[in-house]
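Thank you all for coming; please have a look at the model on the screen before I start. I will talk through a few strands, then a helix, and at the end the cysteines.

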Amino acid sequence: MRITTRDVPPRTAWALEQAGVHPLLARLYAARGIRSADELDDSLARLLPPEQLKGAAQAAACLADALAAGQRICVVADYDCDGATACAVALRGLKLLGARPDTLSYVVPDRAVHGYGLTPAIVDLALAQRPDVLVTVDNGIASLEGVAHARARGLRVVVTDHHLPALVNGEVVLPDADVIVNPNQPGCPFESKHLAGVGVMFYVLLALRAELRRRGAFDGASQPRLDTLLDLVALGTVADVVKLDANNRRLVAQGLKRIRAGRMQPGVAALFAAAGRRAERAGAFDFGFALGPRINAAGRLAEMTLGIECLLTDDPGRATELAQLLDGINRERRSVEAGMREQAEALLERLMPAGDPPPAVALYDAEFHEGVVGIVASRVKDRVHRPTFVFARGQDGLLKGSGRSIPGFHLRDALDLVSKRHPGVLRKFGGHAMAAGCTVGEDDFVTFAQAFATVASEWLDDTLLARTVATDGPLEPQWFRPEVVQILEQEVWGQAFEAPVFCDEVEVVSQRIVGERHLKLTVRHGGSLRDAIWFGHSEPLPERSRLAYRLSLDEYNGQQRVQMVVEALA
């Protein structure tokens, strides 16, 4: 474990503070690359313009034509939170922009039956809705066969996606869609390459509104308010763990402001209630760890239509009913995950008899559940700090794997190299640098595991294999106040714009185990006694300890106390 301290350019921090930024925030922002207070402007006017997004104008023209002709539009969704929110944004947005409700429909794959993306089978499922236009959300960029199948059936296809395109023999190949909107397609000048699927669809709606305005459907004063969809955009963006660059932070900030003000979809409000979270104090943490998992649970263990319907309904009672159902499914998911994690731990021990993990990990057990392999892969990756794939047997008998990576190891590129070195082993693969999926035959699992580990041994050195916790250094005692914690909680933190973690040497005054596996501490810091807790850690700490920690508010009997939540021991 290495604990590092982020560099803080002193002149930048000073300039931010002089511009009116809170002194602690000025330091934190400067350490994350913010150079001026102007960059902190999260107004909608500062969003990148939709005309920069390749294909958005063409998609807008196609959809405007369909609306004018009263044609039927079917949205092809995905079975995760990003896909569910993108589907809800698409349908709600098209309705706002004039589509008749009876012309709109959607289909979403069943993870176990159909697999991911616009497959020919999903096209056939969509044909039952008698559509004229298919619009994919959060998928489609690698669906070569599915798009071809849809076009052969006379459908127009608009692909909206953010994943990387398919590679065939090392070359990028795009589907033969009528329009492709994806910031990661070749030749797209859009500055933010990190839009989530829901963000891409929101941008298509912005372009469609501009096209309809140009056609005289409405003017600037009477045009529909698409910002009413930003609670969904924010939720999907954070839940998909995309990089929170400046554009994404603006989208999330605007969504959070709406939620805190009570302006949100009934389903979002119901999910906050089901999760026991307070919408008036909503933060990005709620999206990633409370709402997102409940929607994702539907796609993992049941069917994502439950999650999508929760986000689509305007009936608060129905929203509450669906949110409670999703909460129950999420509890079941936790139980399944706990069992799989125990099995994974046993498999892992066999791979590391000397205590050291291999360069990369691939695990498979016949009892693993396909819907939870991604979560378990993430947990194993966090434990051993190695690129990890976890596989389960699909209904077709093939092994479906979900992978998670560590900084410095591009997972999709690693799969591409494995496919070149071992032709035929990977039946299908795709994804990103940090998360990917693949399909292999059961007889090919060992070959894949060995090939994957070989690539990791070639690409990863000791520096990359060392677990590193980046911190913001010591925290002055003056900032240990509830109002300061609330200020921090109001900010947008997330992937590549990490929440503050501080590091200080403390005196451990007392320590005890609570809840069987959490270490409850009283420490002396800056001359004062402070509460601290280390979740999931039961080993006692030395009397003098250097801790990496974040701040949280512990509320009991109406009283708020600042608590240090320990992340690591130096």
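Strand E16 (residues 518-525) and strand E17 (residues 528-534) are joined by 7 bridges and run antiparallel, where strands are DSSP runs of E with at least two residues, helices are DSSP runs of H or I with at least four residues, both numbered from the N terminus, and two strands pair if DSSP finds at least two bridges between them. Before going further, I should say that this is a predicted model, in which local features need pLDDT of at least 70 and side-chain atom pairs count only at pLDDT 80 or more, while totals for chains, interfaces and linings use all residues. Residues are numbered from 1 along each chain as its sequence is written, and side-chain values use heavy atoms, with hydrogens and water left out.

Within the pairing of E16 and E17, Leu521 stands opposite Ala532 in E17. The two strands form a hairpin with 2 residues between them, and Gly526 in that turn has a positive phi of about 60°.

What does E16 pair with besides E17? Strand E15 (residues 502-514) pairs with E16 in the antiparallel sense, over 7 bridges. Along that pairing, Val508 stands opposite Val523 in E16, and the bridge partner of Arg512 is Lys520, also in E16. This hairpin has 3 residues between the strands, and here Gly515 takes a positive phi near 60°.

E15 is also joined by 6 bridges to strand E18 (residues 544-556), and these two run antiparallel, with Asp504 standing opposite Leu547 in E18.

How many of the 8 residues of E16 are buried? The number is 6, so E16 is largely enclosed by the rest of the structure; buried means under 20% relative accessible area, exposed means over 50%, and partly exposed is in between, with a 1.4 Å probe and protein chains only.

Let me turn to helix H9 (residues 246-260), whose 15 residues should span 21 Å at 1.5 Å a residue, and whose end C-alpha atoms are 21 Å apart, which agrees; the expected span is 1.5 Å times one less than the number of residues. H9 is mostly covered, as 13 of its 15 residues are buried, and it is followed by Gly262, whose phi is positive, near 85°.

Finally, the cysteines: taking a disulfide as a pair of cysteine sulfur atoms within 2.5 Å, the count comes to 0 disulfides. Cys310 is in no disulfide, and the nearest cysteine sulfur, that of Cys81, is 11 Å away. Cys310 counts as buried because its relative accessibility is 0%, and Cys503, with a relative accessible area of 4%, is buried too.
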